[in-house]
Amino acid sequence: MAPIALWAMPGETREQRDERMRWWREARFGMFVHWGLYSGLSGTWEGKPVGTRGGMEWIQERVKADTGMYAKRAIPLFQPKKGFAREWARVAKQAGCRYVVFTSKHHEGFALHDSKVGDYDAGSVLKRDLVKEIVNAVRAEGLRVGYYHSVIDWHHDQYEYGRSKQLPHPLKGKPYPNGQRDHSKYVAYLHAQVDELVSDYGPVDILWWDYSSQDFQGEEAWRAFELMDKVRAKQPKIIMNNRLFRIPQAGFSGMGTAAIAPRLDPKYGDFITPEQHIPTTGMPGVDWETCMTMNTTWGYSEHDRAWKSNETLIRNLIDIASKGGNYLLNIGPKADGSVPAESVQAMEAIGAWMKGNGESVYGTTAGPFEKLAWGRCTQKRGRNGRTRLYLHVFDWPGDGKLTVPVAVDQSASAFLLAGRKKLAVTAGERGTAIAVANDAPDKIASVVVLEMNGSPRVV
Ligand code: FHN
């Protein structure tokens, strides 16, 4: 299906929307943070591992605990250390992330800010405003900041979980423990807490809603359009994802995390959100962001050792950028806020690669090729009318010749991005050959820049 992007969001022209989206499209790389009461449970319940794979931020649902039992076990373990947020911000900054999105509230319902409309929050329970600490630390590193906010709520006693067969809840299938519920009271609470979050913490750059189902979404479930309007009234430049809805016009083809449709009407949000997978091709005209874990869980688990390699993480970043998307890579801090050593190491490795090659990711657009046998390609159009192709070589040519399926003229030039070493270019109607050294400068991805007049002509 051809991607369809409409510019129908009321009151905003396409040019105004492009301006609002500019920093996000140029950023390409953000850090996701899942942190809440589940982080203290660490994938363990009553002394036993709940599992070694899958999201342990769902532990309450996995053990089918009611909110009272869950809170009693989890709250004592959740002890954020002083300065935890500065560590997060430093990890993101040195990795080359341009923005941080963190869980202001996950499905468990525990809010990290000091809320005046509830008592299941950091202010009421810990006498701390953790959202303020995180937002200030992220901004102090010069990064953009956003909230992941769950509309699903496993704590609130008016949340009518019986209205959806598809959305999860620890008590699913059981009668409401406190008698009939009035979902509109939960929605009023949801709106009030979101209003606190977009009113009391300065500029907020992103609101990452999560999540709706085909049988319970949008107006019926969340009074979604009103909620988005309220947010925009307080934060006019904010960028929001598509997850208050679950319909094809909002970029969904079903319930699976990979069930996306390459289309988006901006009245449903600003970008679509493939999860744990990278679309096979780009989606011209549709803004999208792939979110991924570093192992298999979003929230911290002491049992999940399935860490992706640095090569996989870096090549995912490149693959996504080569298709015109953003990469939101997750860390799951421990109960005290400390970042697992494996995540720190991975982010440092990404940062080292980005230090020498970030130009080939930031501010680029999707490359012109459907597929390249040896790697990926991003591109940037210069003000001088010349185009730079950033050739990310995963499989370095053994014969010292990198062939690129593009026709160039004599004005074309090439160099290695890291170190800027000039490379000889042989132009030909059937493609271009670039003379490269026998050994790859970077075993994960070496970037060769091919610069030419005008737009690339693929052959
Ligand atoms: O259920 C959540 C899950 O815990 C996690 O937050 C992911 C991240 O995008 N979103 C939902 C699953 O799609």
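In sorting residues by side-chain character, Ala, Val, Leu, Ile, Met, Phe, Trp, Tyr, Cys and Pro count as nonpolar, Asp, Glu, Lys and Arg count as charged, and the others, Gly among them, count as polar. With these classes in hand, the shell around the ligand in this predicted model can be divided into 7 nonpolar, 3 polar and 4 charged residues.

The ligand itself sits in the second largest pocket. There are 14 residues around the ligand, and of these His34, Glu57, His107, Asp210 and Glu275 come nearest. Which atoms of the ligand face the polar side-chain atoms of histidine 34, tryptophan 58 and aspartate 210? The table sets out these contacts, with the distance for each pair.

| Residue | Ligand atom | Distance |
|---|---|---|
| Histidine 34 | oxygen | 2.7 Å |
| Tryptophan 58 | oxygen | 2.8 Å |
| Aspartate 210 | nitrogen | 2.6 Å |

Taken on its own, the ligand has 330 Å² of accessible area, and the protein covers 93% of that area.

Beyond the ligand site, the chain as a whole is divided into domain 1, which spans residues 14-363, and domain 2, which spans residues 367-458. Although the C-alpha centres of domain 1 and domain 2 lie 37 Å apart, the two domains do touch, with 16 residues of domain 1 in contact with 18 residues of domain 2.

Notes. Residues are numbered from 1 along each chain as its sequence is written. This is a predicted model: local features need pLDDT of at least 70, side-chain atom pairs count only at pLDDT 80 or more; totals for chains, interfaces and linings use all residues. Side-chain values use heavy atoms; hydrogens and water are left out. A residue is near a molecule or strand if one of its heavy atoms lies within 4 Å of it. A polar contact is a pair of N or O atoms within 3.5 Å; within protein, one must be able to donate a hydrogen and the other to accept it, and residues adjacent in sequence count only if both atoms are side-chain atoms. Accessible areas come from the Shrake-Rupley method with a 1.4 Å probe; for residues, only the protein chains shown count as cover. On a 1 Å grid over the protein atoms alone, a cavity is a set of points where a 1.4 Å probe fits but cannot get out, and a pocket is an open set with protein on both sides within 12 Å along at least five of seven lines; lining residues have an atom within 4 Å of a point. A molecule sits in a cavity or pocket if more than half of its atoms lie within 2 Å of its grid points. Domain bounds come from an automatic or database domain assignment. Contact means heavy atoms within 4.5 Å.
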